[in-house]
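Subject: Structure handover and notes

Dear colleague,

Please find below the structure that I promised to hand over. My notes follow it, and I would be grateful if you read them with the coordinates open.

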Amino acid sequence: APRRAGAGEPFCAQLPSLLALGPAPTEAEVQRVLAAPLEGWAKNPRHAMAALTGLARERRPGTAMAVLRCMQGSRVETNHFHCNAVLSACEKGCQWAMALSLLGAMPDLRASPTVVSYSSTISACEKGGRWQLALALLRAMPELRIAPNVVTLNAAISACEKAGRWQTALALLASLPGLSVAPDVISFNAAISACEKGGVWRQ
C-alpha cells in the first residue's frame with residue numbers, strides 16, 4: 001500500500017496511477033497518466049513536486065526519472081528541487097548508477113547541483129557498496145564550490161565502513177573540524193563500526 005504523505009507534504013492525485021504502472025514504466029505510459037497535469041505544470045512547475053516527492057517516498061526511482069523526462073518533453077521548466085526529489089528516489093531505491101547519471105545531467109537541465117544533490121548521490125553509492133565513487137563525489141565538491149555538510153560526510157563515512165575501509169573512515173571523521181562540520185552520533189558510530197570490522201578497537 002502507498003505510504004501516507006506526512007503533514008504539509010504536497011498531494012498528487014495521479015500518484016496512485018503512477019504507482020500502478022509498476023517500478024519500471026515506459027515514458028509513454030507515464031505520459032498518458034500525466035497528460036492533464038503536465039499542462040498545469042508548464043504554468044507552475046512547483047506543482048510537479050507533489051508527484052516527484054511522492055515517488056521518492058514510495059522508492060520508485062524509475063518512475064520518477066520517467067516523470068522528469070516527460071517534463072522535459074513537455075517543456076516544463078525543471079530546477080534543482082525537481083532533480084533532488086528524483087535523486088532522493090534513487091537513494092531510497094538504491095539506484096546509484098541512475099543517481100550518478102542524473103547528477104551529471106543536471107547542468108544540461110539548467111539545474112545546478114546542490115549539497116542535497118551530492119548527499120543523495122553519495123548515499124545512493126553508499127547503499128550500493130560503491131565507496132570509491134562516494135569518495136570521488138565528495139572530493140569533487142570543493143571544485144564546484146559546494147560545501148559538504150554532516151549528512152554528506154556521514155554518507156561517505158558509512159560507505160567506507162561498509163567496505164571495511166576503517167583508515168579512510170577515520171580520516172574523514174578527522175577532517176570534519178577543518179571543513180567546519182560538527183560530527184554527530186552517526187559520524188562516530190559509523191567510524192567505530194568501521195574500526196570494529198577492521199579489528200582495530202584501539203583507534
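Helices and strands are named here as DSSP runs (helices H or I of at least four residues, strands E of at least two), numbered from the N terminus. With that convention, serine 180 sits in the loop between H11 and H12, a position to which I return below.

This is a predicted model, in which local features need pLDDT of at least 70 and side-chain atom pairs count only at pLDDT 80 or more, whereas totals for chains, interfaces and linings use all residues. Residues are numbered from 1 along each chain as its sequence is written, and side-chain values use heavy atoms, with hydrogens and water left out.

Domains and core

The chain is divided into domain 1 (9-113) and domain 2 (114-202), with bounds that come from an automatic or database domain assignment. The centres of the two domains, taken over C-alpha atoms, are separated by 28 Å, and 16 residues of domain 1 are in contact (heavy atoms within 4.5 Å) with 15 residues of domain 2.

The largest nonpolar core has 61 residues, and those with the most contacts inside it are Trp41, Val67, Met71, Val86, Leu102, Ile122 and Leu172. Both domain 1 and domain 2 give residues to this core, so it lies between them. Helix H5 (residues 61-73) gives the most to the core, with seven residues. A nonpolar core is meant here as a set of buried Ala, Val, Leu, Ile, Met, Phe, Trp, Tyr and Cys residues joined through side-chain atoms within 4.5 Å; buried stands for under 20% relative accessible area, exposed for over 50%, and partly exposed for what falls in between (1.4 Å probe, protein chains only).

Helices H8 and H9

Ten of the 13 residues of H8 are buried, so this helix is largely enclosed by the rest of the structure. The buried residues are Ser117, Tyr118, Ser119, Ser120, Thr121, Ile122, Ser123, Ala124, Cys125 and Glu126, and they pack against helix H6 (80-92), H7, H9 and H10. The length of H8 is as it should be: at 1.5 Å a residue, its 13 residues should span 18 Å (the expected span being 1.5 Å times one less than the number of residues), and its end C-alpha atoms are indeed 18 Å apart. Isoleucine 122, one of the core residues with the most contacts, touches Ala134, Leu137, Leu138, Met141, Thr152, Ala155 and Ala156 when its neighbours within four places in sequence are left aside. Just after H8, glycine 129 takes a positive phi of about 70°.

In helix H9 (residues 131-140), the buried residues are Trp131, Ala134, Leu135, Leu137 and Leu138. They cover an arc of only 160° around the axis (taken from the directions from the helix axis to the C-beta atoms), which puts them on the same side of H9. An α-helix has 3.6 residues a turn, so residues three or four places apart point the same way. On the other side of H9, Gln132 and Arg139 are exposed, while the buried residues pack against helix H7 (96-105), helix H8 (115-127), helix H10 (150-162) and helix H11 (166-175).

Threonine 168, which has its place in helix H11, is buried with a relative accessible area of 19%, and its contacts, leaving aside neighbours within four places in sequence, are with Leu135 and Cys160.

Annotated repeats

UniProt, in an unreviewed entry, places the feature "repeat: PPR" at residues 114-148 and 149-183; the positions are given in the numbering used here, feature names are shortened, and annotations may be inferred rather than shown by experiment. Residues 114-148 are 66% helix and 0% strand, with end C-alpha atoms 9 Å apart, and residues 149-183 are 66% helix and 0% strand, with end C-alpha atoms 10 Å apart.

Positive phi in two loops

Most residues other than glycine have a negative phi, and most peptide bonds are trans. Serine 180 nevertheless has a positive phi of about 60°, and at 70% relative accessibility this serine counts as exposed. Arginine 110, found in the loop between H7 and H8, has a positive phi near 60° and counts as exposed at 80% relative accessibility.

With best regards
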